[in-house]
Amino acid sequence: ALASGDPFIRLISTATGVEMARVPGHVGLTYGMAFTSNGRYLATTSSADSVTRVSDTVTGATVWEDARFGGQSVMFSADSQLLYVVGTSVWIHQALTGELIRTLTYSENQIYGALDPGNTAIASSLGDNPLLLIWDLRAGEVVATFMASGVTRADCRALADHTEAVRWLELLGARKEIEIPDLGRDGETYVQMAWRKTAPTS
């Protein structure tokens, strides 16, 4: 799935690179996307328009959307029955009906999250606050916190020709470090982007 500046999210075949379908996008940046395990449904979320949406990748139709709970991260459970959205809180929905099952709220707004493989816990971050939270999804409470004060650098890689992705990473504060030629399967060049808390030493 490819999100850009227009109102659509394009579904691209990884085998051919051909656009197969389009589903509705967001007003502003699309922050999170996730497929169900069978690829039939795509969830997207954006804090820019406060919308979370599930679309049918075959028909392009919207299955449901909620204009109250847009965030930065979205994840399906392993069985694709639940949808987790991390924004100012963690919102847990029935994946294909949109019914809100539970809201996990902390004293500060949460930003990004990751679901553990067993679907029993979510780790979430607090933006500029270096505190990381571990939520027990059964109990619905924070069971551990970690201070990420020792982390000074994080990096990721994007296709050098994918100008929208590079621009989006730059908007998030990442800076280009190096180009890596021939990294892709078909010899594509990638660019390494990084976030640093302190200036690099010489």
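Strand 6 sends V51, R53 and S55 to one side and T52, V54 and D56 to the other, and all of these residues are buried. The model is predicted. Because six of the six residues of strand 6 (residues 51–56) are buried, the strand is largely enclosed by the rest of the structure. The points below cover the sheet that holds strand 6, a separate hairpin of strand 2 and strand 3, the buried loop residue Q72, and two nonpolar cores.

**The four-stranded sheet**

- Strands 4, 5, 6 and 7 form an open sheet in the order 4-5-6-7, and the pairing is antiparallel.
- Strand 4 (32–35) and strand 7 (62–66) are the edge strands, each pairing on one side only.
- From one strand to the next, the twist averages 10°.
- Strand 4 and strand 5 (residues 41–46) run antiparallel and are joined by four bridges.
- G32 has T45 of strand 5 as its bridge partner.

**Strand 6 and its two partners**

- Six bridges link strand 5 and strand 6 in the antiparallel sense.
- Within strand 6, R53 is the residue that stands opposite T44.
- The hairpin of strand 5 and strand 6 has four residues between the strands, and S50 in its turn has a positive phi of about 60°.
- On the other side of the pairing order, strand 6 is joined to strand 7 by four bridges, and these two strands run antiparallel.
- R53 also has a bridge partner in strand 7, namely E65.
- Five residues lie between strand 6 and strand 7 in their hairpin, where the turn residue G60 has a positive phi of about 80°.

**The hairpin of strand 2 and strand 3**

- Strand 2 (residues 8–12) and strand 3 (residues 19–24) run antiparallel, with five bridges joining them.
- I9 is placed opposite V23 of strand 3.
- Six residues separate the strands of this hairpin, and G17 takes a positive phi near 75°.

**Q72, a buried loop residue**

- Q72 sits in the loop between strand 7 and strand 8 (73–76).
- The relative accessibility of Q72 is 13%, so it falls under the 20% cut-off and counts as buried.
- The side chains of Q72 and S47 are joined by a polar contact of 3.0 Å.
- Neighbours within four places in sequence aside, Q72 is in contact with Y31, G32, T45, S47, V86, G87, Q110, I111 and Y112.
- Two of these contacts, G32 and T45, are bridge partners of each other, with T45 in strand 5.

**Nonpolar cores**

- The largest nonpolar core has 13 residues, and Y84, V90, I122 and L137 have the most contacts inside it.
- Strand 9 (82–86), strand 10 (90–94), strand 13 (121–126) and strand 14 (129–136) are the elements that give two or more residues to this core.
- Strand 14 contributes the most, with three residues.
- V90 is in contact with V85, R102, T103, L104, Q110, I122 and W135, leaving aside its neighbours within four places in sequence.
- A second core, separate from the largest one, has 12 residues, among them A43, V54, F69 and V85.
- V54, a member of this second core, is one of the buried residues of strand 6.
- V85, another member of the second core, is among the contacts of V90.

Notes:
Residues numbered from 1 in each chain as written. Predicted model: local features only at pLDDT ≥ 70, side-chain atom pairs only at ≥ 80, totals over all residues. Heavy atoms only, no water. Pairing = 2+ DSSP bridges. Axes fitted to C-alpha atoms, helices over the stretch in contact; angles between N-to-C directions. Buried < 20%, exposed > 50% of the residue type's maximum accessible area, 1.4 Å probe, protein only. Polar contact = N/O pair within 3.5 Å; in protein donor to acceptor, adjacent residues only side chain to side chain. Contact = heavy atoms within 4.5 Å. Core = buried A, V, L, I, M, F, W, Y, C linked by side-chain atoms within 4.5 Å.
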